[in-house]
Amino acid sequence: CAGEENWVDSRTIYVGHREPPPGAEAYIPQRFPDNRVVSSKYTFWNFIPKNLFEQFRRIANFYFLIIFLVQLIIDTPTSPVTSGLPLLFVITVTAIKQGYEDWLRHKADNAINHCPVHFIQHGKLVRKQSRKLRVGDIVMVKENETFPCDLIFLSSSRGDGTCFVTTTSLDGESSQKTYYAVQDTKAFHNEQEIDALHATIECEQPQPDLYKFVGRINVYHDRNEPIARPLGSENLLLRGATLKNTEKIFGVAIYTGMETKMALNYQSKSQKRSAVEKSMNVFLVVYLCILVSKAVINTVLKYAWQSEPFRDEPWYNQKTEPEKKRNLFLQAFTDFLAFMVLFNYIIPVSMYVTVEMQKFLGSYFLAWDEEMFDEGTGEGPLVNTSDLNEELGQIEYVFTDKTGTLTENNMEFVECCIEGHVYVPHVICNGQILHDCTGIDMIDSSPGSSGKEREELFFRALCLCHTVQVKDDDSVDGLKKSQVPRKPCVYISSSPDEVALVEGIQRLGYTYLRLKENYMEILNRENNIEKFELLEVFSFDSVRRRMSVIVKSPTGDIFLFCKGADSSIFPRVKEGKIDQVRSRVQRNAVEGLRTLCVAYKKLSAEEYRDVQKLLQSAKLALQERDKKLAEVYEKIETDFILLGATAVEDRLQEKAADTIEALQKAGIKVWVLTGDKMETAAATCYACKLFRRNTQILELTTKKIEEQSLHDVLFDLNKTVIRQNGSLTRDTFSG
């Protein structure tokens, strides 16, 4: 049974460090690190040896050290000071610079490690330093505070057991994500209730993927068998994320210190090398070869010249007795080293001194640049490492995400198409705004009674198939309050698309009110509240490209509503006006709008029971849980009836087109990465001037590769390019 499956590489954590009741499995103590975070590279004791080792890994420094040692050991024509002083200067300046940068890291680490955190001990709140946090401790985090370590979310001040979190410092996403408390602990709202909890958590060993987590919690009630609940990424609050629009939450620490996902994603702190330094190293090796060959040739010529007796020992420089007895090979090697020192000026140590000083001073010029000063934040550029200054001027490729980077990530509902009829909120007709919905007929027939039923199902589907949360409050960080006088709701979701759809449907007469005690409440056009029981949520993922919910209507019918990309919905549809909806989706995509299709199917009570069994066994699996869930979703999400499609607009950011144009003029190649439909992506690229009217577009798509092999497709594209650029020879394209 999946619930009893053992995990090979896992950890067991006792919540609140409590021993479980008798009958629980034997506890094998495990050692976990404390909550200290170390981002610095050096300590007071290892700075000198470690820094010298790092610096002498550079070919130039190692070479000058060898030359300096040779000058000390043998009788050379030049003083050791000529090599020693410049080398000492370069090493000292670099060490001071790197030591200062590492001291700043130590300072930042200490500030984080000494930050106060609220623990629960013996039913009371205690304040301690963050570094004293241990795995198994129960922590309380308040609104706008950052999570001190990776926590399993136990309960929240919100009645529905959810909380809102921003993960800007982890993945750059500014939208608020919703997380869910463990079902059996979400009712615990004070310190005493939480402290009385008897539970163990089994989870995977720490790994850096921010979006993956698999575990389960066993909650013990008296001496009964424990209740096992699955844990996923929706229950894991990550270090570095911030709690928003939730008064407080309780969580249990499972990964601390350098085992948190944030720490595991730190880049290695090894010394970075710029392209200039790498090319200088190549030249250094070439000149070193020239130097060695010159020294060898001169040593050979010296002994060829001295092969005649009178030349070997002239009258003005006669050999001493020890010199006459010296080994010939040792003498030749000493002469070779002497020639190396004599021709040492080929490799200029002054160049390295100059480059090091230029980088150090150049970093200050970057910080002083007035044109790079941002008046909004009152900050100029910050140089974290001066080793890479010149890299900024050598960027060849820029990869940019589309949503939220080129666009504002502020979605606006434009229209929806239900069985071929287009609905536009607030359409202007004869100079007057028509509120609620207006059907624009595409197929020359108004919706009949069955059409009316599908229309209502479509609106209900969009009101129910989402993960939007409602906050009845005006002051929400960066979120606009809905302007509809009927019900002032503020919608919060990790996906701005979902908020736009729920707000758009509200303007068409259906308002999503809230999720209370697992019932989703919506207000229909007749101002009646309808309650649907939320049975299951199949979360959206980038592979399936769709999400579904299973709900029970007030009349007892069970519906599965699904929304997603047209490519993932159309193949699963068995009936509905597919051609009309597809042509509308294509048209909207060409205009650069983001499109989604909506479908449904009715489930009998028996079918739902089968679905429940499949889902439960997949959710409790500890190994390959994602794969098993995907297989279950694939099995369930079939034989849909198509309802319609939606179109949402995401406007381009101000000056996005000018920026791309300027980057292209500078010779930088810009790549836009997007998960949109081909037509939507192309429309956006024209709008932001990545494509011009005369741009020759070469398409490499899965459809083409299915028809012919990849090699043939590329060969055809190659021929097209050569044909378009007749003046260029075939050799130009051979690469």
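Two strands count as paired if DSSP finds at least two bridges between them. In this predicted model, five bridges join β8 to β9, and the two strands run antiparallel. The briefing below covers the sheet that contains these strands, the aromatic rings and the nonpolar cores.

**The four-stranded sheet**

- An open sheet is formed by four strands in the order β1-β8-β9-β10, with antiparallel pairing.
- The edges are taken by β1 (10–14) and β10 (227–231); each has a single partner strand, so one side of each is left without a neighbour in the sheet.
- On average, neighbouring strands of this sheet are turned by 20 degrees against each other, direction ignored.
- Among the residues bridged in the sheet is I201, whose bridge partner in β9 is I217.
- Strands of a sheet pair through backbone hydrogen bonds, and the pairing is either parallel or antiparallel.

**Aromatic rings**

- The structure holds 21 aromatic pairs.
- One of them is formed by F213 and Y255: the ring centres are 6.3 Å apart and the planes stand at 80 degrees, so the pair is edge-to-face, given that planes over 60 degrees apart count as such.
- This pair links distant parts of the chain, since F213 belongs to the loop between β8 (199–204) and β9 (215–219), while Y255 belongs to strand β13 (residues 248–255), 42 residues apart.
- F213 and Y255 are both buried.
- A cluster arises where ring pairs link F360, Y364, F365 and W368.

**Charged groups over rings**

- The face of F119 has K128 lying over it, at 4.8 Å from the ring centre.
- Over the ring of F343 sits the charged end of K294, 4.5 Å from the centre of that ring.

**Nonpolar cores**

- In soluble globular proteins, nonpolar side chains tend to be buried together.
- The largest nonpolar core of this model has 40 residues, and those with the most contacts inside it are C416, F458, F459, Y491, I505, V551 and F561.
- Helix α12 (residues 449–464) gives the most to this core, contributing seven residues.
- Apart from its neighbours within four places in sequence, C416 is in contact with H421, V422, Y423, F458, F459, L508, A645 and T646.
- F458 and F459 thus appear among the contacts of C416 and also among the residues with the most contacts inside the core.
- A second core, separate from the largest one, has 26 residues, including V581, V585, V611 and A618.

Terms used
Residues numbered from 1 in each chain as written. Predicted model: local features only at pLDDT ≥ 70, side-chain atom pairs only at ≥ 80, totals over all residues. Heavy atoms only, no water. Phe/Tyr/Trp six-rings, centres within 6.5 Å; stacked < 30°, edge-to-face > 60°. Buried < 20%, exposed > 50% of the residue type's maximum accessible area, 1.4 Å probe, protein only. Lys NZ or Arg CZ within 6 Å of the ring centre and 35° of its normal. Axes fitted to C-alpha atoms, helices over the stretch in contact; angles between N-to-C directions. Core = buried A, V, L, I, M, F, W, Y, C linked by side-chain atoms within 4.5 Å. Contact = heavy atoms within 4.5 Å.
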